[in-house]
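Visitor: I would like to learn how to read this model, feature by feature. Where should we begin?

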Amino acid sequence: MSDSQVTSVCGTAIPLLLDDIDTDRIIPARFLRCVTFDGLGEHAFEDDRQQDTGHPFNQDRFAGAEVLVAGRNFGCGSSREHAPQALMRWGVQAIVAESYAEIFFGNCTALGIPAVTLKRDRLEELAASIEADPSIEITVDLEAGSVGWGDGTATADLPESARTALTSGEWDFLSQLLANAEAIRETATKIPYLSGFGGA
Amino acid sequence: MNQSNASSSGSRNLFDTVWDQHTVGQLAAGQTQLFIGQHLVHEVTSPQAFEMLRDRGLGVMCPERTLATVDHIIPTDDQARPFADGLAEEMMSAIERNCVEFGIELLGLDDPRQGIVHVVGPELGLTQPGITLVCGDSHTSTHGAFGAIALGIGTSQVAQVLATQTLAMNRPRVRRIEVTGSLADGVFAKDVILAIIRQLGVQGGVGFAYEYAGNVFDEMDMEERMTVCNMSIEGGARCGYVNPDSRTVEFLRGLPAVPEGEEFERAAAWWLSLASGPDATFDDHVTIDGTAIEPTVTWGINPGQSVGVGESIPAAGDYPVEDQAGVLEALEFMGLESGQPIQGQPIDVAFIGSCTNSRLSDLREAAAVASGRRVADGVRALVVPGSQQVSEQAEAEGLDRVFSDAGFQWRAAGCSMCLAMNPDKLQGREMCASSSNRNFKGRQGSPTGRTLLMSPAMVAAAAIKGHVTDVRELAEAAG
């Protein structure tokens, strides 16, 4: 794995403008019986797709989409990183939604997937444009803080720390955390429960 | 002897005190690098993390502050190895191999301390006030009951904590949720958290840590506090906590991982000093009248879609416009009608278990309802204790006989039908009264299976009657 700068994602999009989509729906628990993330992509939204032939992930016109457009509180529930892994392996490289659950958002950033937010009215316009023409190209621009499509552009929000991490290519935190080994040891010496609660 | 920062009482809240104490520094992008005092590991979210360490040639920084157990995939009936499910066996073998290779203690099936990770940590005394605790599991919020900062994390973060004992995190805001008064008879901790989520919404807590306070929490025992903190994540809050008090201290006294003698007294003094002071400030404050909380039942497909047991199922029009599509989706999936009383709704399955409600006090409450009665014809009822220790204590009290005599299946410890990664699953469109934490579509193992969340006592009542029942009516009948 190597770090790389994520400054923008361009491509077609798939609209799934539902609220409170939980990670059990993104990847049902039975597919977590695995020791690698390989092969999760084909099971993204497996049960929703089985129950709804018209589900966007079943529609050929959205095949190959790089941007997922979702609703409010996307990715709530389980902390399973299998969820953004499944979306990424299906082909999603960026997500545009009204809001995200916190653990899911962090997991996306840790995989280099920008997850930006749009105001609801603009999100609905975007979804309608994609429905009308699935070949329309969407640009998620992290540096400009915008999502562009056709003639439209909307302000896209992303917490500054995630934006900086993605655009600087420093979204793999492991190497940064490792670099501070001395400070970690120093901090540990000041924590009461690591030193006999202040005893001699 | 007292190392506690003088500013930790008075105007500071517990969260800020503990966060600052564990702060290693700031990363380039602005996140805090946070030291982690205890890391709990289970078989589902760890194999890829260990692989990441292998890929980079890294070891585990603090194996002595890391403990693994197995809970999600293990069968609760026939536990002979190899498991009938080859994929589960592969995961079990992987965690056994990883723990040996990386020098981490594993509480496997042959260890009497094995159980659901969020039941085991507190039982062993690993969960203590003032620590930071993480696990690759969203219900890690459970451990906040002790006044810890307890966070669910993803697998990449599991790898980070294994390798560095630290985590990159943005500091959340803190919302104090005060529940006043006392709970009525037949109203439990589960009802309190369902009521909180109903009021604040399933995403109301995003970006917040929840501090639970007020007389209702003062009166709760530690297991009840764990039930509430457990479902913080269902309200969007990644962590929730209760300030440590004398109940916290007495719960911890004598547990295996807790210091003894003079060191215990020093520990207790420090723990109590961490509690948010009377003038502590918060980013937000919510007050809820505890006396008004009823036994609560979910009717929908997220834990915020609930009603009191005396209420009827709402209509889409009862909700703000932006929520109405979700309400309609839920009603359709659940096959329920607006205006229908939730009481009387037939069930097919009753599940008592999960990291929310599988501790000894939960089993006692359910057994009190089941005692001397019979599970209704056509209802499949399971009791799955949260750990081998819970199982042993329950058996010593004869609770297993109470359940078996009433027609419940008494199983071995694990996560079981909460998320159905093991063979315990709903079939088809079965409707399940469940003491677990999530009523998401397909959560209990059948893509079309349906879940009604409620307290363990309410699940027992539903099992006996064959439909959703106000547990207070059964209590009166018995009394």
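Guide: Begin with a strand pair in this predicted model. Strand β6 (residues 138-141) of chain A and β7(A) run antiparallel, joined by four bridges. To fix the register, take one residue and find its partner. Thr139(A) has Gly148(A) in β7(A) as its bridge partner.

Visitor: Which strand does β7(A) pair with over four bridges in the antiparallel sense, besides what you just showed?

Guide: Strand β7 (residues 146-149) of chain A pairs with strand β8 (residues 152-155) of chain A. That pairing is antiparallel too, over four bridges. For the register here, Ser146(A) has Thr155(A) in β8(A) as its bridge partner.

Visitor: What should I look at in the hairpin of β7(A) and β8(A)?

Guide: Look at the turn and its backbone angles. Two residues lie between the strands. Gly150(A) takes a positive phi near 45°.

Visitor: How do I put these pairs together into a sheet?

Guide: Follow the pairings from edge to edge. The order is β1-β6-β7-β8 in chain A, an open sheet of four strands with antiparallel pairing. Its edge strands are β1 (8-11) and β8 of chain A, each paired on one side only. On average, neighbouring strands are turned by 10° against each other, direction ignored.

Visitor: Which helix packs on the sheet, and which strands does it touch?

Guide: Helix α5 (residues 120-132) of chain A packs there, touching β7 and β8 of chain A. The direction of α5(A) makes about 145° with that of β8(A).

Visitor: In what order do the strands run in the open sheet of chain A with parallel pairing?

Guide: The order is β2-β3-β4-β5, four strands in an open sheet. The edges are β2 (13-16) and β5 (115-117) of chain A, and each pairs on one side only. Neighbouring strands of this sheet are turned by 20° on average, direction ignored. For one pair inside the order, take strand β3 (residues 67-70) and strand β4 (residues 94-97) of chain A: three bridges join them, and they run parallel. Val67(A) stands opposite Ala94(A) in β4(A).

Visitor: Now helix pairs. At what angle do α6 and α8 of chain B pack?

Guide: Read the angle, then the axis distance, then the hand. Helix α6 (residues 189-200) and helix α8 (residues 222-230) of chain B pack at about 25°, with axes 8 Å apart. An angle under 35 degrees counts as roughly parallel, so α6(B) and α8(B) are roughly parallel to each other. The crossing is right-handed. From α6(B), the contact uses Ala189(B), Lys190(B), Val192(B) and Ile193(B). From α8(B) come Glu224(B), Thr227(B) and Val228(B). The contact of α6(B) with α8(B) has four nonpolar, one polar and two charged residues.

Visitor: How do α2(B) and α5(B) cross, and at roughly what angle?

Guide: Their axes come within 8 Å and cross at roughly 55°. α2(B) and α5(B) are therefore oblique to each other. This crossing is right-handed. Gln48(B), Ala49(B), Met52(B) and Leu53(B) of α2(B) meet Thr155(B), Val158(B), Ala159(B), Leu162(B) and Ala163(B) of α5(B). By class, that contact has seven nonpolar, two polar and no charged residues.

Visitor: Is the crossing of α12(B) and α14(B) left-handed or right-handed?

Guide: Left-handed. Helix α12 (residues 360-370) and helix α14 (residues 399-406) of chain B pack at about 40°, axes 9 Å apart. They are therefore oblique to each other. Leu363(B), Arg364(B), Ala367(B) and Ala370(B) of α12(B) make the contact with Leu399(B), Val402(B), Phe403(B) and Ala406(B) of α14(B). The classes are seven nonpolar, no polar and one charged.

Visitor: How many residues does each chain give to the contact between A and B?

Guide: Chain B gives 67 residues and chain A gives 56. Next, ask which elements supply them. On the side of chain B, the elements giving two or more residues include β1 (23-26), α2 (47-56), α3 (86-102) and α10 (261-273). The largest share, seven residues, comes from α5(B). By class, this side has 27 nonpolar, 32 polar and eight charged residues.

Visitor: What confidence does the predictor give?

Guide: Check the complex, then the chain, then the weak stretch. The complex has an ipTM of 0.97 and a pTM of 0.97. Chain B averages a pLDDT of 96, and 97% of the residues score at least 70. Over residues 1-8 of chain B the pLDDT is below 50. Beyond near neighbours in sequence, that stretch has 14 contacts in the model.

Conventions: Residues numbered from 1 in each chain as written. Chains lettered and ligands numbered in written order. Predicted model: local features only at pLDDT ≥ 70, side-chain atom pairs only at ≥ 80, totals over all residues. Pairing = 2+ DSSP bridges. Axes fitted to C-alpha atoms, helices over the stretch in contact; angles between N-to-C directions. Parallel < 35°, antiparallel > 145°, perpendicular 65-115°, else oblique. Left-handed = near helix turned anticlockwise from the far one by under 90°. Contact = placed C-beta atoms within 7 Å. Nonpolar A, V, L, I, M, F, W, Y, C, P; charged D, E, K, R; others polar. pLDDT = per-residue confidence, 0-100.
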